[in-house]
Amino acid sequence: MMPRKSAEAIAMAGMPCLQRIERLRAPEDLSPQQQAHFGLVVAAKPADFFNPCDLPLLVQLSRHLARADVIENKFRANPFMLMDEYDDLSRLADRETKQITSLMTRLRLTPQSRYRPDSAKHDAAGTEMRRPWEIE
């Protein structure tokens with residue numbers, strides 16, 4: 001026999017906006033640094049922003065962010081490195097940056113992915129543009 005539900009629980013069931021939404025959690029197989037990046041990205045958005053289907057992209061983003069940190073630490077550890085080593089690290093950093101940017105855009109985390117061309121037109125409609133020297 002199932003336990004009875006309280007009146008409060010029944011009332012909450014009819015109001016999805018009041019139900020607690022669980023945030024995605026970092027998988028256990030990520031390193032501590034990768035888990036930290038995962039947590040920062042997920043915490044930066046509302047709880048309902050990410051879906052479970054976003055998990056693979058978030059995992060890859062966390063891994064690339066951690067790799068970018070490792071590359072940056074190598075730059076900082078040896079400011080007088082040879083030009084060949086500097087070029088190799090620069091290529092690696094560039095590769096990680098491109099992957100991070102691509103994943104962030106796909107997850108709609110960048111300003112570019114949130115921009116709506118029609119919103120700029122509506123924002124400017126009905127407003128008179130004043131020149132800087134006319135502003136008091």
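Helix α3 covers residues 55-77, and its 23 residues reach 33 Å from the first C-alpha to the last, close to the 33 Å expected at 1.5 Å a residue. This description rests on a predicted model.

The buried residues of α3 are L58, V59, L61, S62, H64, L65, A66, I71 and F75. These residues pack against two other helices, α2 (32-43) and α4 (83-106).

**The chain as a whole**

The protein chain has six helices and zero strands. Read from the N terminus, its elements run α-α-α-α-α-α. Of the 136 residues in the chain, 21% are buried. The chain exposes about 11100 Å², and carbon and sulfur atoms supply 57% of that area. Among contacts with a separation of 6 or more, 56% are between residues 24 or more positions apart.

**The nonpolar core**

In soluble globular proteins, nonpolar side chains tend to be buried together. The largest nonpolar core in this model has 14 residues, and those that touch the most other members are F38, V41, F50, L58, L61, L107 and L109. Helices α2, α3 and α4 are the elements that give two or more residues to this core. The most comes from α3, with four residues. Two residues named above, L58 and L61, are on the list of buried residues of α3 and also among the core members with the most contacts to other members.

**Two buried residues outside that list**

Glu96 is placed in helix α4, while Thr110 lies in the loop between α4 and α5 (111-114). The table gives the contacts of each, leaving aside neighbours within four places in sequence.

| Residue | Place | In contact with |
|---|---|---|
| E96 | helix α4 | H64, R67, A68 and I71 |
| T110 | loop between α4 and α5 | M104 and T105 |

Why does T110 count as buried? The relative accessibility of T110 is 13%, and buried means under 20%, so T110 falls in the buried class.

Which side chain of opposite charge is nearest to E96? It is R67, at 4.4 Å. A salt bridge requires a side-chain nitrogen of Lys or Arg within 4 Å of a carboxyl oxygen of Asp or Glu. E96 is therefore buried without a salt bridge, as R67 is 4.4 Å away. R67 is nevertheless one of the residues in contact with E96. Two other contacts of E96, H64 and I71, are among the buried residues of α3.

Notes
Residues numbered from 1 in each chain as written. Predicted model: local features only at pLDDT ≥ 70, side-chain atom pairs only at ≥ 80, totals over all residues. Heavy atoms only, no water. Expected span 1.5 Å × (residues − 1). Buried < 20%, exposed > 50% of the residue type's maximum accessible area, 1.4 Å probe, protein only. Contact = heavy atoms within 4.5 Å. Areas by Shrake-Rupley, 256 points an atom, 1.4 Å probe, with all protein chains shown as cover. Core = buried A, V, L, I, M, F, W, Y, C linked by side-chain atoms within 4.5 Å. Lys, Arg positive; Asp, Glu negative; His and termini not counted.
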